[in-house]
Amino acid sequence: MDLNADLGEGFGSWRLGDDHALLDLISSANVACGFHAGDAATMHRVCAGAAERGVAVGAQVGYRDLAGFGRRHIAYDFAELRDETIYQLGALDAFCRLYRTRVRYLKPHGALYHAAAREESQAAALVAAISGYDHELPVLCQPGTVLAQLAAGAGLRVVAEGFADRNYLPNGTLVPRSSPDALVTDPEQVAVRAVRMAVERTLVAVDGTVVPAPVESICLHGDSPGAVRCAELVRAALIDAGVTPTPFA
């Protein structure tokens with residue numbers, strides 16, 4: 001099972017999360033590419049740390065929305081979103097190449113993640129960007145979404161993702177961030193949820209419904225309070241359950 005986290009989400013002198021500590025605990029790093037967060041120095045630093053530890057680097061592409069942290073929906077034109085996705089891929093890949101590695105996968109961030117899950121135009125723009133840039137790049141996303149379906153139809157590898165620190169609705173979608181119960185903040189509960197996803201391939205929704213979760217990668221949010229403690233407990237719990245965190249790419 002892969003264990004991923006969102007990293008590199010600072011900007012300039014402002015830091016968000018402990019990238020250094022998380023790189024010691026995860027197997028894949030979703031690195032912000034400068035549009036919703038991140039900058040050149042931050043990308044360079046995280047790529048260097050990931051290469052040193054053997055952590056796979058994925059491009060976490062987002063809307064051009066630093067002020068809103070990429071969590072505000074933008075009605076992009078297809079070609080513009082395609083091209084801005086390629087731009088972000090290329091920027092992060094350049095820093096990976098300094099350390100004789102490369103971007104290993106793509107994951108959309110925030111509002112783009114949710115839009116591509118249900119809107120064909122935005123999902124198609126991401127698929128077109130990946131297909132044009134590197135057809136071997138996997139797409140990390142929730143299973144059963146529009147993005148997952150279009151990517152599979154284009155011959156791309158789709159890697160199903162689950163969230164140990166987010167609550168789910170009975171239909172298998174995430175509780176909106178606007179809801180007070182969107183996040184799971186107790187590190188021990190997050191660890192229990194991660195092991196359940198990895199071993200039983202299920203999760204428990206907010207109403208108690210058991211939902212199938214055929215995931216290959218479990219996500220932790222690096223910007224959440226106590227993210228490092230969560231990652232420590234999740235990694236230890238997975239190993240105790242006989243599951244070694246390993247990059248999928």
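Lys-107 is buried in this predicted model. Its relative accessible area is 3%, and the cut-off for burial is under 20%. The residue lies in strand 4. Beyond its neighbours within four places in sequence, Lys-107 contacts Asn-4, Asp-6, Asn-30, Ala-59, Gln-60, Val-61, Tyr-113, Leu-140, Glu-161, Phe-163 and Cys-219. Acidic partners are thus represented by Asp-6 and Glu-161.

The largest nonpolar core has 69 residues. Leu-7, Leu-92, Leu-147, Ile-218 and Val-234 have the most contacts inside this core. In soluble globular proteins, nonpolar side chains tend to be buried together. The surroundings of Ile-218 were examined further. With residues up to four places away in sequence set aside, Ile-218 touches Met-1, Asp-2, Leu-3 and Asn-4. Gly-162 and Ala-164 are also touched by Ile-218, as are Ala-194, Met-197 and Ala-198. Asn-4 therefore appears in the contact lists of both Lys-107 and Ile-218, with contact meaning heavy atoms within 4.5 Å.

Helix 5 covers residues 120-133. Its length was checked against its residue count. At 1.5 Å a residue, the 14 residues should span 20 Å. The end C-alpha atoms are 20 Å apart, so the two values agree. Buried positions in helix 5 are Gln-122, Ala-123, Ala-125, Leu-126, Val-127, Ala-129 and Ile-130. An α-helix has 3.6 residues a turn, so residues three or four places apart point the same way. The cover over the buried residues of helix 5 includes three strands and three helices. The strands are strand 3 (56-61), strand 4 (105-108) and strand 5 (139-141). The helices are helix 3 (78-97), helix 4 (110-118) and helix 6 (146-153).

At the surface, Phe-11, Trp-14 and Leu-66 make a nonpolar patch of about 310 Å². Trp-14 is in the loop between strand 1 (2-7) and helix 1 (19-23). Its relative accessibility is 47%, so Trp-14 counts as partly exposed.

Backbone angles were considered next. Most residues other than glycine have a negative phi. Phe-69 has a positive phi, near 55°. Arg-100 is not a glycine either, and its phi is also positive, about 55°. Both sit in loops: Phe-69 between strand 3 and helix 3, Arg-100 between helix 3 and strand 4. Their accessibility differs. Phe-69 is buried, at a relative accessible area of 14%, whereas Arg-100 is exposed, at 80% relative accessibility.

Conventions: Residues numbered from 1 in each chain as written. Predicted model: local features only at pLDDT ≥ 70, side-chain atom pairs only at ≥ 80, totals over all residues. Heavy atoms only, no water. Core = buried A, V, L, I, M, F, W, Y, C linked by side-chain atoms within 4.5 Å. Buried < 20%, exposed > 50% of the residue type's maximum accessible area, 1.4 Å probe, protein only. Helix = DSSP H or I, 4+ residues; strand = E, 2+ residues; numbered from the N terminus. Expected span 1.5 Å × (residues − 1). Patch = residues over 30% accessible without salt bridge, like charges linked within 9 Å, V, L, I, M, F, W, Y side chains within 5 Å. Areas by Shrake-Rupley, 256 points an atom, 1.4 Å probe, with all protein chains shown as cover. Salt bridge = Lys/Arg side-chain N within 4 Å of Asp/Glu carboxyl O.
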